[in-house]
Amino acid sequence: MGKAGLVRMRRADPYAASRFRSLLPAPGSANIQQENPMYGLVNRALQQLVCASKGEQAWIEIRRQAGVDEEVFMRMDPYPDEVTYRLVGAASEVLDTPVPVLLREFGRYWTRYTLIEGYGAMLNDLGPTFHEALAALDSMHERVALLYPSLSPPTFRVTEITPDSLSLNYYSKRSSLGPMVHGLVEGLAERFGIAVDVRHAYAKGDAQDHDRFEIRILGPLAHDS
Ligand code: HEM
């Protein structure tokens, strides 16, 4: 096949940092920018993750490149979604880290950050097993919505359940956050002391109205991981 054919076949990258920064729609999906605001808790967590791992200067540069003036995010204040997307896009460029890698790391971090911020009981009450915890994510976010009334939470559906595997279907008004769920599932599994293999089977886009993750339970976590 000639070079032109290859170029034609290559699909636009739905996770390109430039898309996140400029809020271009993913191919076949609604615009990345939504009317729902995102609570400051999310942007605070991103700031915390960057500052702890890369230092304050890196965050200042990310904010500058994202065109975001806020030095401090109030966790209970809603901010336009685009602030979060622009910060993620700029972080990807400044830290030279692909957006999916960054979002996955952020997802893993979120399960620790929510503990630090005092939401540990909500995570602990999810259920006695990893399977039950995944099935209880919607009711957990309903409880979060009692504290954050404008919350626009995701919804999840657990299917194809066996004792050591299951599929998690992730529905959201937002786009392109699938890799974050990948990390969230890993972070949650860690809290249950188990190692999991997570495959992002497909993303919301042309053909699907949701993302799907196929999860296999590998066994207890090794102590040094
Ligand atoms: C105690 C723990 C948790 C708290 C307090 C919490 C709270 C929140 C908050 C405040 C948002 C922002 C939504 C908005 O402002 O409209 C959010 C978004 C989100 N949460 Fe949770 N969450 C928790 C745990 C989890 C877990 C364990 C998962 C999945 C395994 C999850 C999945 C998500 C996703 C995917 C979003 C992005 C929003 C979207 O897809 O539209 N959360 N959560």
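What follows is a short chat about helix packing and the ligand shell in a predicted model.

Q: How is the numbering done, and what does the model being predicted change?
A: Residues count from 1 along each chain as its sequence is written. The model is predicted, so local features need pLDDT of at least 70 and side-chain atom pairs count only at pLDDT 80 or more, while totals for chains, interfaces and linings use all residues.

Q: How many helices and strands in the protein?
A: The protein has 9 helices and 6 strands. These are DSSP runs numbered from the N terminus, with helices being H or I of at least four residues and strands E of at least two.

Q: How much of it is buried?
A: 35% of the 225 residues. Buried takes 20 or more other C-beta atoms within 10 Å of the residue's own, with C-beta atoms placed from the backbone.

Q: Now the helices. At what angle do α5 and α6 cross?
A: Roughly 115 degrees, with the axes of α5 (residues 81–94) and α6 (residues 99–124) coming within 9 Å. Therefore α5 is roughly perpendicular to α6, a label for angles of 65 to 115 degrees. Axes are lines fitted to C-alpha atoms over the stretch in contact, and angles run from 0 to 180 degrees between N-to-C directions.

Q: Which residues meet there?
A: V88, G89, A91 and S92 from α5 meet V99, L102 and L103 from α6. Contact means C-beta atoms, placed from the backbone, within 7 Å. By class, this contact has 5 nonpolar, 2 polar and no charged residues. Nonpolar covers Ala, Val, Leu, Ile, Met, Phe, Trp, Tyr, Cys and Pro; charged covers Asp, Glu, Lys and Arg; the others, Gly among them, are polar.

Q: And how far apart are the axes of α6 and α9?
A: 7 Å, at an angle of about 45 degrees, with α9 spanning residues 178–191. That makes α6 and α9 oblique to each other, the term for angles that are not under 35, over 145 or from 65 to 115 degrees.

Q: What's in that contact?
A: Among the α6 residues are F106, W110 and L123, and the α9 side includes M180, H182 and R191. The contact divides into 10 nonpolar, 5 polar and 6 charged residues.

Q: Switching to the ligand: which residues are closest?
A: Y39, Y119, P154, S172 and L184, in a shell of 27 residues. The elements giving two or more residues to that shell are β1 (37–39), α3 (40–54), α6, α8 (137–147) and α9. A residue belongs if its C-beta atom, placed from the backbone, lies within 6 Å of the ligand.

Q: How does the shell divide by class?
A: 19 nonpolar, 6 polar and 2 charged.

Key: Two residues are in contact if their C-beta atoms, placed from the backbone, lie within 7 Å. A residue is buried if 20 or more other C-beta atoms lie within 10 Å of its own, exposed if 12 or fewer, and partly exposed in between; C-beta atoms are placed from the backbone.
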